[in-house]
Amino acid sequence: MSSWNGKVVAITGASSGIGAKTATLVAERGGIPLLMARSRAKLEELAGRLGGRCEAYELDVSSTGSVEAVFDRVNEKHGRVDVLINNAGFGLFGRFEQASIDDFEKMMNVNYMGIVRCTKAVLPHMLARGSGNIVNIASLAGKIGTAKSTGYSATKHAVLGLTNSLRQELAGTGITVTAINPGPVDTPFFDMADPSGSYVANVKKLMLTPDRVAEAIVRAVERNRAEVDLPGIAGFGAKLFHLFPRTFERVSRRFLNLK
Ligand code: NJP
């Protein structure tokens, strides 16, 4: 029997891309995916397709009230969340001087504060039960800065700081904390991040599929992995960057300026 069988799995950003694929895999393995995002119609359509015990919850992770109300309902109904997959997020690429303060605030409020809000909503219950998995979808952008990504990259650096610190705090509690760091993934993310399509054209050949990222998320939970970089070779690049940052920046300048 799959280790997902009967597990209550809350997935934010489940109306599209990586979140929707992850929900599909969880449902296939016998888990109970709780699909969360703002687009109710998309969630209901996916829940209908997945069938079984899948549920849809309209959720805006940028609102503390919305997060508290949704997780209160979940706790009333299920009494627990076994796995929280903090996946909701978006990016707006552009040069620093052209990006508005509002863009910086909105990305941080969803990508980083959204994770803070959802994690706060489930953690007390996980601690009381002495078990749980928290998975944060960060990014390779949380490890290496690239041009036109000052706002987005900062949110993902923040997510990794949170993830690594929380893992230390929760050691020995029975709760695991995992970071998933993909490179570019072929999802509707780029409709907003790269409306001109120029970045997508530059990295099209390197793009991961959302299925591959979803598989990695599921496997990371099954194996209690602390962190997964995708693809692995890009993770090696991130390690080189941390060892030799200035040399790496010099040698990889063209690659770090594809947006
Ligand atoms: O993007 P997309 P991905 N409250 O646009 C939801 C990271 N990542 O699957 O609310 C609640 O298909 C939105 O739903 P809706 C990325 O940073 C990506 O690629 O209905 N939900 C939708 O379901 C993000 O953290 C790439 O509009 C909110 C989902 O988020 C995660 O992967 C590379 C929300 C976004 O689905 C999933 O992105 C990488 C809110 N306020 C990391 N705002 C990549 N694609 O290249 C948005 O390294 N959502």
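This passage describes a long helix, two strands and the surroundings of a ligand in a predicted model. Residues are numbered from 1 along each chain as its sequence is written, and side-chain values use heavy atoms, with hydrogens and water left out. Because the model is predicted, local features need pLDDT of at least 70 and side-chain atom pairs count only at pLDDT 80 or more, whereas totals for chains, interfaces and linings use all residues.

Helix α4 covers residues 101-129; helices (H or I, at least four residues) and strands (E, at least two) are DSSP runs, numbered from the N terminus. With 29 residues, α4 reaches 41 Å from its first C-alpha to its last, close to the 42 Å expected, the expected span being 1.5 Å times one less than the number of residues. A kink of about 40° is nevertheless present in α4, centred on M113, where the bend at a residue is the angle between axes fitted to the seven residues ending there and the seven starting there. Just after α4, G130 adopts a positive phi of about 70°.

Strand β5 (residues 132-137) contains N133, which counts as buried at 10% relative accessibility; buried denotes under 20% relative accessible area, exposed over 50%, and partly exposed the range in between (1.4 Å probe, protein chains only). When residues up to four places away in sequence are not counted, N133 touches D82, V83, L84, M126, T176, V221 and N224, contact being defined by heavy atoms within 4.5 Å.

Two residues of strand β6 (residues 175-182) were examined, beginning with A179. A179 is buried, its relative accessible area being 0%, and its contacts, again not counting residues up to four places away in sequence, are with N136, L160, T163, R167, A226, E227 and V228. The C-alpha atoms of A179 and G130 are separated by 20 Å, the two residues being 49 residues apart along the chain. N181 also lies in β6 and is likewise buried, with a relative accessible area of 0%. A polar atom of the N181 side chain lies 3.3 Å from the backbone nitrogen of S139, and a polar contact of 2.9 Å joins the side chains of N181 and D229. Such a polar contact is a pair of N or O atoms within 3.5 Å; within protein, one must be able to donate a hydrogen and the other to accept it, and residues adjacent in sequence count only if both atoms are side-chain atoms. Apart from neighbours within four places in sequence, the residues in contact with N181 include A138, L140, K143 and L160.

The ligand is surrounded by 29 residues, of which S16, S39, S139, P182 and T187 come nearest; a residue is near a molecule or strand if one of its heavy atoms lies within 4 Å of it. Helices α1 (17-28), α5 (150-169) and α6 (189-193) each supply at least two residues of this shell. Oxygen atoms of the ligand lie 3.0 Å from a backbone N or O atom of G13 and 2.7 Å from a polar side-chain atom of R38, while a ligand nitrogen atom is 2.9 Å from a polar backbone atom of V61. Of the 900 Å² of accessible area that the ligand has on its own, the protein covers 93%; accessible areas come from the Shrake-Rupley method with a 1.4 Å probe, and for residues only the protein chains shown count as cover.

Helix α2 (residues 40-50) contains K42, which is partly exposed, with a relative accessible area of 47%. K42 and A14 are 28 residues apart in sequence, and their C-alpha atoms are 8.9 Å apart in space.
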